[in-house]
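Trainee: I would like to learn how to read a model of this kind, feature by feature. Could we begin with a ligand and its surroundings?

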Amino acid sequence: MSELGRELHANSLANKEEFWGEAAAKLSWSKPWDKVLDESKAPFYQWFAGAELNTCYNAVDRHVEAGLGEQIAIQYVSPVTDAEYGISYNELQAQVSRLAGYMQSVGVTKGDRVVIYMPMVPETAFAMLACARIGAIHSVVFGGFAANELATRIDDAKPKLILSASCGVEPSGIVEYKPLLDNALEQASHQVQECLILDRSQCHATLIEGRDKNWQQEVANSPSVGCVAVAATDPLYVLYTSGTTGQPKGVVRDNGGHAVALAWSMAHVYDIGQGDAFWAASDVGWVVGHSYIVYAPLIVGATTIMYEGKPVGTPDPGAFWNIISKYKVKSFFTAPTAIRAIKREDPEAKYAKATDLECLKNVFLAGERCDPDTLLWTQEMLQKPVIDHWWQTETGWPVAANLMGFDPVKIKPGSPAQPVPGYQVEVVDEMGEEVEANQSGNVVIKLPLPPGTLTTLWQNDKRYEDSYLSMYPGYYLTGDAGYMDEDGYLYIMSRIDDIINVAGHRLSTGRFEEVLCQHEDIAEVAVIGVSDKLKGQVPLGLVVLKVGATISEEQLHKELIALVRKEIGPVASFRLVSAIQKLPKTRSGKILRGTMRKIADNQSYKAPATIEDPQTLDLVKNTLTRMGYADALV
Ligand code: COA
Ligand code: AMP
């Protein structure tokens, strides 16, 4: 760590209240806090207890009041619909306050939940901000999830209102959202009085009389309303993320700590301030979209780029570079998988080299482990610092990163650099003892977590404690394994649970297994994440058929792929599945997924002493080879 960075980090831990109190002064509060950090309900820590503010006011209104109303707040670029326009802070305020007016008029008030199932259109950001404006709690569900996933989230969040759109537009075609929403509401036990549907010209939705309303008409006729002050500790949103079971975890984010942490990170990590252009090429359905497409850039008065398109094919692998150049993006954030997609189509980076990228200062990568090749290629082709940084839905903002707006340190490919101020990161063994430098272990963070991190799981304090706090008392379990080198650089190597990362999208193999088990011919399944050159990881399923099942391998393959797509959604990218006679298990019946993963990825492995039948490992090897997956195994 640089000397300055070391001091800042140490100070953030030794003087938490002063550190975050100072950071909080950059925001507008309607009531000051009684205490920066209230530890009285530990392990449920509260940041800025007693304070009141409004996140939408901080992201929108205060910039208008400061005379920045003409500045572009959201620059929308949608190559898939040929739309490209800017929305000023003035316009944003007008749109958001009318949408908030509509919400209030249908009875949505402070603390009510609103589910948002929408594509990458500015209205999705308006919807989130409108909820924040009136103290409602939004829960955005990623558009690539199927009806069943949406239904699970509706049942957990119990929204009063659902906001959706007629469709999303993917390169493969139009994805009609409305039938998915209707289907989800048929499956859900919880019902809503009202759904507001944005009508897009690419496809018109059929509205259900009495329940569904047309967005454009309703908002045009709604009054503008002001911001409602909420407690800093009140929830701003619930964002569901994959856990180890099929039931997703509803990560709860508060208002005060969130705004403070995001503002701090924009300046220190991303080197972005008022008037700069920032682009996080992700989706609003993920945490990256929540934090760095919507809230953080707006809170600091920057211009955020909102993009409905892909890194390649919309129209070509130069799409990112053209937008960066056109809108003078200073810091750009994407997932390594997107870079790999570009590299595959444009290995010499001809498009980037033909584009004026003078404006671009830093490229940030996160969402999955960044292999050194991808980082080095990007760095060489762009001639810019490429910053791997590590965080998760739960933390909401970076845990380890290079502080590009403060005092950058040397880049070590393969490492997301060092812990960010506020986070005391340790690598520990199974007993909770800190391991030595370069030794692998579980990556944990000492409590209290800094502001902006999850406060609990939605209406499930117990699951929060069980999932994250119980394994090592006094520490938060990240679920990631890795090591720290002698310079304090962290290396995040893998998950310790059943979570896989497919093209930067977090999915649970447990959920895949639940779905596959629904098939009538299946007795038992194991799903593992295996390496993929483009997507980092993809799911691979091995299934044992019931005795007497006569289904052909080809038919089984087709039906299982269709089943996963129907139940989880296209985002699952599920294509690799095969029948196997028997799964490798321990004598106590635990499926040896870890060993299977090693076989699939062609790593060295040892059959565990507790294995029930060592020959099952040969079965796995043969099946994978037959699937043409692990070619090196032949
Ligand atoms: N709504 C509906 N469907 C969606 C969707 C959305 N918002 N997002 C993705 N999908 C669909 C895709 O159309 C695709 O469907 P298909 O199987 O019918 O083609 C499927 O889900 C998988 O999508 P994706 O993971 O995007 O894979 P891809 O093969 O279409 O594209 C990449 C590959 C690498 C170009 C793409 O994954 C990418 O840009 N990744 C960046 C990841 C990212 O931003 N992650 C966020 C964390 S930072
Ligand atoms: P999500 O909650 O979807 O953001 O996924 C978080 C998980 O993605 C982390 O727990 C890691 O397993 C992985 N991840 C994210 N960023 C990185 C990174 N820079 N390096 C390694 N793994 C990462």
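Mentor: Let us begin with a single contact: an N or O atom in the side chain of R495 lies 2.8 Å from an oxygen atom of ligand 2. Please keep in mind throughout that this is a predicted model.

Trainee: Which side chain has an N or O atom 2.7 Å from an oxygen atom of ligand 2?

Mentor: That side chain belongs to R506, where an N or O atom is 2.7 Å from an oxygen atom of the ligand. The backbone takes part in a contact as well, since a backbone N or O atom of G367 lies 3.2 Å from a nitrogen atom of ligand 2. Taking the surroundings as a whole, there are 14 residues around ligand 2, and those that come nearest are D388, H389, T393, D480 and R506.

Trainee: How many residues are around ligand 1, and which come nearest?

Mentor: Around ligand 1 there are 26 residues, of which E170, K310, P311, A503 and R565 come nearest. The side chain of E170 has a polar atom 2.7 Å from an oxygen atom of this ligand, and the side chain of K310 has an N or O atom 2.7 Å from an oxygen atom of ligand 1. A nitrogen atom of ligand 1 lies 3.4 Å from a backbone N or O atom of G143.

Trainee: I would next like to read a helix. What span should helix 1 have, and how far apart are its end C-alpha atoms?

Mentor: The general idea is to compare an expected span with the one in the model. Helix 1 runs over residues 3-14, and at 1.5 Å a residue its twelve residues should span 16 Å, which agrees with the 16 Å between its end C-alpha atoms.

Trainee: Which residues of helix 1 are buried?

Mentor: As a general idea, an α-helix has 3.6 residues a turn, so residues three or four places apart point the same way. In helix 1 the buried residues are G5, L8, H9, S12 and L13. Seen down the axis of helix 1, these buried residues fall within an arc of 130°, so they line one face of the helix. The face turned away from the buried side carries the exposed residues E3 and A14.

Trainee: What covers the buried residues of helix 1?

Mentor: The cover includes helix 2 (16-24), helix 9 (256-268) and strand 22 (418-419).

Trainee: Is N148 buried or exposed?

Mentor: The value to look at is the relative accessible area, and a residue counts as buried under 20%. N148, which is placed in helix 6 (residues 147-157), has a relative accessible area of 17%, so N148 is buried. Apart from neighbours within four places in sequence, N148 is in contact with Q187, R511 and E567. The side chains of N148 and R511 are joined by a polar contact of 2.8 Å.

Trainee: Where does N602 lie?

Mentor: N602 is in the loop between helix 18 (593-600) and helix 19 (615-626), and N602 is partly exposed, with a relative accessible area of 42%. In sequence N602 and K621 are 19 residues apart, while their C-alpha atoms are 9.6 Å apart in space.

Trainee: Which residues does UniProt list for the domain "AMP-binding enzyme C-terminal"?

Mentor: An unreviewed UniProt entry lists residues 513-590 for that domain. Over residues 513-590 the chain is 24% helix and 32% strand, with end C-alpha atoms 14 Å apart.

How values were computed: Residues are numbered from 1 along each chain as its sequence is written. Chains are lettered from A and ligands numbered from 1 in the order in which they are written. This is a predicted model: local features need pLDDT of at least 70, side-chain atom pairs count only at pLDDT 80 or more; totals for chains, interfaces and linings use all residues. Side-chain values use heavy atoms; hydrogens and water are left out. Helices (H or I, at least four residues) and strands (E, at least two) are DSSP runs, numbered from the N terminus. The expected span of a helix is 1.5 Å times one less than its number of residues. Buried means under 20% relative accessible area, exposed over 50%, partly exposed in between (1.4 Å probe, protein chains only). The arc is that of the directions from the helix axis to the C-beta atoms. Contact means heavy atoms within 4.5 Å. UniProt positions are given in the numbering used here, feature names are shortened, and annotations may be inferred rather than shown by experiment. A residue is near a molecule or strand if one of its heavy atoms lies within 4 Å of it. A polar contact is a pair of N or O atoms within 3.5 Å; within protein, one must be able to donate a hydrogen and the other to accept it, and residues adjacent in sequence count only if both atoms are side-chain atoms.
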